[in-house]
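Here are my notes on the model you sent over. Have a look at the picture first, then go through the points below.

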Amino acid sequence: MSHDLLSLLDIRYPIIQAPMANISSAALAAAVSEAGGLGSIAVGAMTPQQARTAIAAVREKTARPFQVNVFTHAPAQADPAREAAWLAWLRPHFERFGAQPPAVLTEIYRSFVDDDAMFEVMLAERPAVLSFHFSLPPQAKIDALKAAGIILFATATSLDEARRIEAAGIDVIVAQGIEAGGHRGMFDPAAPDAALPTYELLQQLHGKVALPLVAAGGIMDGRHIRTALYHGASAVQMGSAFIACPESSAPAHHRSLIAGGAGLQTELTPVISGRPARGIVNRQFTEIGAAGHPLVPDYPIAYDAAKQLHAAASGKGNQDYSVNWGGTNFAQARAMPAAELVAALVAEMKEAV
């Protein structure tokens, strides 16, 4: 099955660099693809024109296939009372930096589910792979994208989600374990989360769905890749492993946390963006997420507040409210060029046989 997926994707190694909004650069995606893996960019937080530009930037650097990722969450429902209560909760944090919270919050980017302009960009650009995170777009869009020859991925955190992905005619399931950094890909954030670790999720899905499985969450070295393949994955998707690469767009503070990460922890929280996401713990996690906080606004409306709070703090030289997504094993990330990292992972896989 691993070999089948490699031929489908036209890549040499079962290594996919995860699409990470604001971290995956054209340089990173191109370097991974050139090295024999599948590089990726994330356009979920972009406008359609920015997405077109981002795709062109990768194509300037490589003719190899790469993945483009979009967000397919239920479009946000504005709730002025809920948002006002949230801003009141955040007020003391803004005031620490002599700032006031914004008067209103907005939906800072659209879901692919109802963004027809972004859909048209994808049909026109035809990336080799288009992936959906947070559920699925309407069936008509899936069918049109498939008809255009695009290979489709979607994230599953449970067997139920995997079966829905398969029924929709998607090509590949990204099995996201609880260890993964960034946003949980669950379809319904209000539903109970079984919170399965990556290898357990693979074991649940293997044999229950016929689609190839890509393992995501906690995978940092060649030995981890081998274990994922043993548990039924055809490839792995690695995010945190690539954040420390010089080609990533990670800011200096994020890199410093990874470099000194041995004593740091990650947690899942919905209080930053409005959806559960795993990152390196700081004041946003401990104080904003403290017991008794009001209902968090919808994703990505809540993210608007987090980004503005970070801007107020960083403007005064404070990084306590920065957003540093990372998986449970983020401290194992290696600060080496992406091509060297892919080569190291391949060598480690061979040793682990």
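Is the crossing of α5 and α6 left-handed or right-handed?

1. Right-handed is what comes out for α5 and α6. Bear in mind that this is a predicted model.

2. On the geometry of that pair: α5 covers residues 116–125 and α6 covers residues 139–147. Their axes sit 10 Å apart, at an angle of about 20°. Angles under 35 degrees count as roughly parallel, and therefore α5 and α6 fall into that group.

3. As for who touches whom, α5 contributes Asp116, Phe119, Met122 and Leu123, while α6 brings Lys141, Ala144 and Leu145. Sorted by class, this contact of α5 with α6 holds 5 nonpolar and 2 charged residues, with no polar ones.

4. Now the sheet. It is an open one with 8 strands, and the pairing is parallel. Reading across, the order goes β1-β9-β8-β6-β5-β4-β3-β2. The edges belong to β1 (15–17) and β2 (39–42); each has a single partner strand, so one side of each lacks a neighbour in the sheet. From one strand to the next, the twist averages 25°.

5. If you want to zoom in on one pair of strands, try β6 (residues 172–176) and β8 (residues 213–216): they run parallel and are joined by 4 bridges. Look for Gln176, which stands opposite Ala216 in β8.

6. Last point, a helix on the sheet. Helix α7 (residues 159–167) lies across β5 (151–156) and β6. Relative to β5, α7 runs at about 160°.

How values were computed. Residues are numbered from 1 along each chain as its sequence is written. This is a predicted model: local features need pLDDT of at least 70, side-chain atom pairs count only at pLDDT 80 or more; totals for chains, interfaces and linings use all residues. Side-chain values use heavy atoms; hydrogens and water are left out. Axes are lines fitted to C-alpha atoms, for helices over the stretch in contact, and angles run from 0 to 180 degrees between N-to-C directions. Helices (H or I, at least four residues) and strands (E, at least two) are DSSP runs, numbered from the N terminus. Angles under 35 degrees count as roughly parallel, over 145 as roughly antiparallel, 65 to 115 as roughly perpendicular and the rest as oblique. A crossing is left-handed if the near helix is turned anticlockwise from the far one by less than a right angle, and right-handed if clockwise. Contact means heavy atoms within 4.5 Å. Ala, Val, Leu, Ile, Met, Phe, Trp, Tyr, Cys and Pro count as nonpolar, Asp, Glu, Lys and Arg as charged, and the others, Gly among them, as polar. Two strands pair if DSSP finds at least two bridges between them.
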